[in-house]
Every structure is written in structure tokens, then in C-alpha cells.
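Below is a short report on one protein chain. It moves from aromatic pairs to cores, strands and single residues.

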Amino acid sequence: GYKWVGKGKKRRKVQTYKYYTTPNPAHGTETYIWAADENSHKTDMIKPDDEFGEADSTLIMPDMDDPVMKAFQLLYAKKYFENSLHFATLIEAEFVKEGRVSRGVKQRNDVGIWVLHATGMPSVLVETGFISDKEEEEYLDSEKGQDEIVQNISNALANYIAAKEKAPASSGGSKNNNSESKTVKADPAILNRKDVVKPRSK
């Protein structure tokens, strides 16, 4: 169709177009770790400084072209990948316990995520929801939603550190031995609410 715009001598007829939109059905959380295709970038970011601290002229730094150091980089990249997967799984598990829909731990193979594979350490990227979903947009914008998201990630970090230190996992970092906890299958695939198992009451 057409419509008239402007005033006086500048008034003119312009064509109009109809368009239709459909609601985006995507909703929930997802946590990314770097793709296996980007492993070479990850190994390149693992430097001696990461282990020896700041560069010091009194230290003889190893040659990164040495086959031994290449093996060192590969071993650390493997360790960082396992740690990233572990932490990402814990994050999604906390979201599930909060009642959120988890889309799982993912990798983006077609296009890498630079902030993940360009770091010489374990790394994750947390997508806390979709603002294209009206209900999630309101949740993400609310103080309650933001507090819960922060608490979920903090709990996951506390559990991750506790696991690395081989100490009992805490509930949000607090030392409450009487508090019950929920266990989630440590599966990097999609986590659903049915994966959460509440301990039986005694």
C-alpha cells in the first residue's frame, strides 16, 4: 500500500510494507566453553608467565618452541578444558535448582568465542537468559532475578573450588552442615529439571 507523508509542496506518497513477527521460543540459560576446533588458540595462550608469575630478568624462561614446552601447553589446555566443563556444568546445575530452564553446556564450533579460547586459564561464558522472551526479560531486569543469578553462579564457584580443594561442597559458601543439598548429574549435555534429584527426607 501507500501513505502520504510531509506537508504542503513536500507532501508525497510513499510505499508501505507489511511485515509479520513471531515470538522467539528460545528461553533458559546456557553456558559456553571453548570449542575443540579452537584448541590451538588456547595452547598458544598458555605461557611460562602463567606458571612462573611476572617476567623476571633473573629467570631463564623456557623456549616455547621446545617440544617439551609444546607438550606442556597441550597438557594444560586439556586440564583447562576439563575444569571449564566441570565449572560450566555446576553453573547450569545451580540454575536448574533455582527452577530455570537449562539449555545445557555448549560449544560454538562454527564461530569461536574469543574471550574463551584466548585466555591461558579455564574459562566459561554464561548466558543468563533471553531478553527476546518477555517473561525472561522481566526476570533479568528485576532485582530478585539478578540476585538469584548472582547467587547461583556464586554457589557454583564455591562448589567448584571445594571440589578442587577436595573439601565438602558448601551451600553458597556457608558452613551449614544441616542444610540439604540437591545433586545433579554431571553431564555436559542438556540439563533438565528432571535431572535434579532431591535427597529423601529422613
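How many aromatic pairs does the structure hold? There are two. The model is a predicted one.

**Aromatic pairs**

Trp 34 and Phe 81 make an edge-to-face pair, with 5.4 Å centre to centre and 80 degrees between the planes. Trp 34 sits in the loop between strand 3 (29-32) and helix 1 (39-44), while Phe 81 belongs to helix 3 (residues 67-97), so this pair ties together parts 47 residues apart in sequence. Trp 34 is buried, at 1% relative accessibility. Phe 81 is partly exposed, at 24% relative accessibility.

The rings of Phe 87 and Tyr 160 form a tilted pair, because their planes meet at 45 degrees, with the centres 5.2 Å apart. Phe 87 is in helix 3 and Tyr 160 in helix 6 (residues 143-164), so the pair ties together parts 73 residues apart in sequence. Phe 87 and Tyr 160 are both buried.

| Aromatic pair | Centre to centre | Angle between planes | Class |
|---|---|---|---|
| Trp 34 and Phe 81 | 5.4 Å | 80 degrees | edge-to-face |
| Phe 87 and Tyr 160 | 5.2 Å | 45 degrees | tilted |

**Charges over rings**

Two rings carry a charged neighbour over the face. The charged end of Lys 13 is over the ring of Tyr 2, 5.0 Å from the ring centre. Arg 100 lies over the face of Phe 95, and the distance to the ring centre is 5.9 Å.

**Nonpolar cores**

Which residues make up the largest nonpolar core? The nine are Phe 87, Leu 90, Ile 91, Phe 95, Tyr 139, Leu 140, Ile 149, Ala 156 and Tyr 160. Helix 3, helix 5 (134-141) and helix 6 supply at least two residues each. Helix 3 gives the most, with four residues. Both rings of the tilted pair, Phe 87 and Tyr 160, are members of this core. Phe 95, with Arg 100 over its face, is another member.

Ala 156 shows how the core is joined up. Leaving out residues up to four places away in sequence, Ala 156 touches Phe 87, Leu 90, Ile 91 and Glu 94. Apart from the largest core lies another, of six residues, including Trp 34, Tyr 76, Ile 113 and Leu 116. In soluble globular proteins, nonpolar side chains tend to be buried together.

**Overall layout**

The protein chain has six helices and seven strands. From the N terminus, the elements run β-β-β-α-α-α-β-α-β-α-α-β-β. Of the 202 residues in the protein chain, 30% are buried. Among contacts with a separation of 6 or more, 68% join residues 24 or more positions apart.

**Strands**

Strands of a sheet pair through backbone hydrogen bonds, either parallel or antiparallel. Three strands make an open sheet in the order 4-3-5, with mixed pairing. Strand 4 (102-106) and strand 5 (125-127) are the edge strands, and each pairs on one side only. From one strand to the next, the twist averages 10 degrees. Strand 3 and strand 5 are antiparallel, with three bridges between them. One bridge sets Glu 30 against Glu 127 in strand 5.

Strand 1 (residues 2-5) and strand 2 (residues 12-15) also pair in the antiparallel sense, over four bridges. Val 5 is opposite Arg 12 in strand 2. The hairpin of these strands has six residues between them, and Gly 6 takes a positive phi near 85 degrees there.

**Two residues in context**

Is Thr 29 buried or exposed? Thr 29 counts as buried, at 0% relative accessibility. Thr 29 is found in strand 3. The C-alpha atoms of Thr 29 and Ser 102 are 4.9 Å apart, although 73 residues separate them along the chain. Setting aside neighbours within four places in sequence, Thr 29 is in contact with Glu 92, Phe 95, Arg 100, Val 101, Ser 102, Arg 103, Gly 104, Glu 127 and Thr 128. That list includes Phe 95 and Arg 100, the ring and the charge described above. It also includes Glu 127, the bridge partner of Glu 30.

Gln 151 lies in helix 6. At 39% relative accessibility, Gln 151 is partly exposed. The C-alpha atoms of Gln 151 and Phe 95 are separated by 9.6 Å, with their positions 56 residues apart along the chain.

Technical notes:
Residues numbered from 1 in each chain as written. Predicted model: local features only at pLDDT ≥ 70, side-chain atom pairs only at ≥ 80, totals over all residues. Heavy atoms only, no water. Phe/Tyr/Trp six-rings, centres within 6.5 Å; stacked < 30°, edge-to-face > 60°. Buried < 20%, exposed > 50% of the residue type's maximum accessible area, 1.4 Å probe, protein only. Lys NZ or Arg CZ within 6 Å of the ring centre and 35° of its normal. Pairing = 2+ DSSP bridges. Axes fitted to C-alpha atoms, helices over the stretch in contact; angles between N-to-C directions. Core = buried A, V, L, I, M, F, W, Y, C linked by side-chain atoms within 4.5 Å. Contact = heavy atoms within 4.5 Å.
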